[in-house]
Amino acid sequence: MYGLINKAVEGLVRTRFGDAAWSRIRARAGLPDEPFVSMEQYPDKTTYDLVGAATEELGATAEAILEEFGRFWTVYTAEAGYGELMKSAGSTLPEFLGNLDQLHTRVKLSFPHLMPPSFSVSEQEAQALVLHYYSERPGLAPLVVGLLKGLGDRFGLEVEATWERVDGTRPHDRFRVRWRAKDATS
Ligand code: 1MF
């Protein structure tokens with residue numbers, strides 16, 4: 001994956017747990033003490049190893065770390081030069097989710113090695129929908145839960161999401177997403 005992903009993991013760990021925690025996680029993942037380069041390609045294994053090392057150092061589950069990362073990513077990318085990209089995808093949660101494939105098509109025009117997942121929306125209601133997530137990369141459904149919650153933060157919504165694996169001709173993860181406006185006090 002593009003180094004931007006690993007930089008974001010580093011940013012999350014450093015801001016939430018400090019520089020020392022990051023040093024230990026990086027070392028435990030067997031990675032050299034060198035900065036990640038956003039536009040360079042890294043093996044997916046690098047990212048998975050970082051998540052694995054973080055579970056051990058922080059005593060948290062991979063699911064919890066992936067979810068936290070997903071939430072962080074929506075803010076991180078908006079601040080790391082992709083604010084316009086995020087804006088262009090929509091100003092409501094359902095609109096944004098319906099535009100995710102277009103968003104990735106746009107990124108891939110500039111960064112052709114992108115291996116984007118694919119999303120589609122079904123069963124849309126006033127405050128609920130079903131999101132289908134197709135990815136070449138295994139095990140990342142909890143990350144998508146975090147992305148949904150991060151988008152909720154972005155749009156002032158409290159988001160609940162449950163997911164299940166769907167087998168068949170096109171295996172994927174299916175999320176039942178529900179939201180309501182966050183009240184002003186929370
Ligand atoms: O293949 C990739 O490197 C890759 C990287 C990031 C593929 C997808 C993504 C984004 N995606 C990550 C989790 C899913 C992984 C998977 O199933 O394969 C999150 C998608 C997403 C969902 C909800 C809301 C927002 C989302 O992302 C917005 C986004 C997506 C891509 C980028 C930025 C924001 C992006 C921009 C530039 C990139 C790479 C990704 O590459 C760079 C970066 C800096 C300099 C040069 C190239």
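**Exercise 1. The sheet**

Over how many bridges do strand E2 and strand E4 pair, and in which sense? Determine also how the sheet is ordered and which strands stand at its edges.

*Solution.* The structure examined here is a predicted model.

Step 1. Strand E2 covers residues 128-134 and strand E4 covers residues 172-181; they pair in the antiparallel sense over six bridges. Within this pairing, Val130 stands opposite Arg176 of E4.

Step 2. The open sheet is formed by four strands in the order E1-E2-E4-E3, with antiparallel pairing. Strand E1 (118-122) and strand E3 (157-166) each have a single partner strand, so they stand at the edges and one side of each is left without a neighbour in the sheet. From one strand to the next, the twist averages 25 degrees.

Step 3. Helix H8 packs on this sheet and touches E1, E2, E3 and E4. The direction of H8 makes about 160 degrees with that of E3.

**Exercise 2. The hairpin of E1 and E2**

Identify the residue with a positive phi in the hairpin of E1 and E2, and describe how these strands are joined.

*Solution.* Step 1. E1 and E2 run antiparallel and are joined by five bridges. Ser118 stands opposite Tyr134 in E2.

Step 2. Five residues lie between the strands of this hairpin. Glu123 takes a positive phi near 50 degrees there.

**Exercise 3. The largest nonpolar core**

Which residues touch the most other members of the largest nonpolar core, and which helix supplies the largest share of this core?

*Solution.* Step 1. The largest nonpolar core has 52 residues, and those touching the most other members are Leu93, Leu131, Leu148, Phe175 and Val177.

Step 2. Helix H8 (residues 141-155) contributes eight residues, the largest share of this core.

Step 3. Both domain 1 (3-60) and domain 2 (92-181) are represented, each with at least three residues in this core.

Step 4. Take Leu131 as an example, leaving aside its neighbours within four places in sequence. Its contacts include Leu148, Phe175 and Val177. Leu131 is also in contact with Leu97, Phe119, Ser120, Val121, Val144, Asp173 and Arg174.

**Exercise 4. Salt bridges between distant parts of the chain**

Which parts of the chain are tied together by the salt bridge of Glu68 and Arg16? Examine two further pairs in the same manner, and give the accessibility of the partners.

*Solution.* Step 1. The whole structure holds 17 salt bridges. One of these joins the side chains of Glu68 and Arg16, at 2.8 Å from N to O. Because Glu68 lies in helix H4 and Arg16 in helix H1 (residues 3-17), this pair ties together parts that are 52 residues apart in sequence. Partly exposed residues fall between the 20% and 50% limits of relative accessible area. Glu68, at 32%, is therefore partly exposed, and Arg16, at 47% relative accessibility, is likewise partly exposed.

Step 2. Lys149 forms a salt bridge with Glu67, and their closest N and O atoms are 3.1 Å apart. Lys149 belongs to helix H8 and Glu67 to helix H4, so distant parts of the chain, 82 residues apart, are linked. Lys149 is partly exposed at 24%, and Glu67 is partly exposed at 25%.

Step 3. The side chains of Arg180 and Glu158 meet in a salt bridge of 3.2 Å, N to O. Since Arg180 lies in strand E4 and Glu158 in strand E3, the pair ties together parts that are 22 residues apart in sequence. Arg180 has 44% relative accessibility and counts as partly exposed; Glu158, at 36%, also counts as partly exposed.

Step 4. Arg24, Arg28, Glu56 and Glu57 are joined into one network by salt bridges that share partners.

**Exercise 5. Two helix residues and their surroundings**

Is Thr46 buried or exposed? Establish its contacts, and then those of Arg71.

*Solution.* Step 1. Thr46 is found in helix H3 (residues 44-58). Its relative accessible area is 9%, which is under the 20% limit, so Thr46 is buried.

Step 2. Not counting residues up to four places away in sequence, Thr46 touches Asn6, Leu31 and Phe36.

Step 3. Arg71 has its place in helix H4 (residues 62-79). At 32% relative accessibility, Arg71 counts as partly exposed.

Step 4. Leaving aside neighbours within four places in sequence, Arg71 is in contact with Gly146, Leu147, Lys149, Gly150 and Asp153. The C-alpha atoms of Arg71 and Arg154 are 10.0 Å apart in space, while the two residues are 83 residues apart in sequence.

Conventions
Residues numbered from 1 in each chain as written. Predicted model: local features only at pLDDT ≥ 70, side-chain atom pairs only at ≥ 80, totals over all residues. Heavy atoms only, no water. Core = buried A, V, L, I, M, F, W, Y, C linked by side-chain atoms within 4.5 Å. Buried < 20%, exposed > 50% of the residue type's maximum accessible area, 1.4 Å probe, protein only. Helix = DSSP H or I, 4+ residues; strand = E, 2+ residues; numbered from the N terminus. Domains from an automatic or database assignment. Contact = heavy atoms within 4.5 Å. Pairing = 2+ DSSP bridges. Axes fitted to C-alpha atoms, helices over the stretch in contact; angles between N-to-C directions. Salt bridge = Lys/Arg side-chain N within 4 Å of Asp/Glu carboxyl O.
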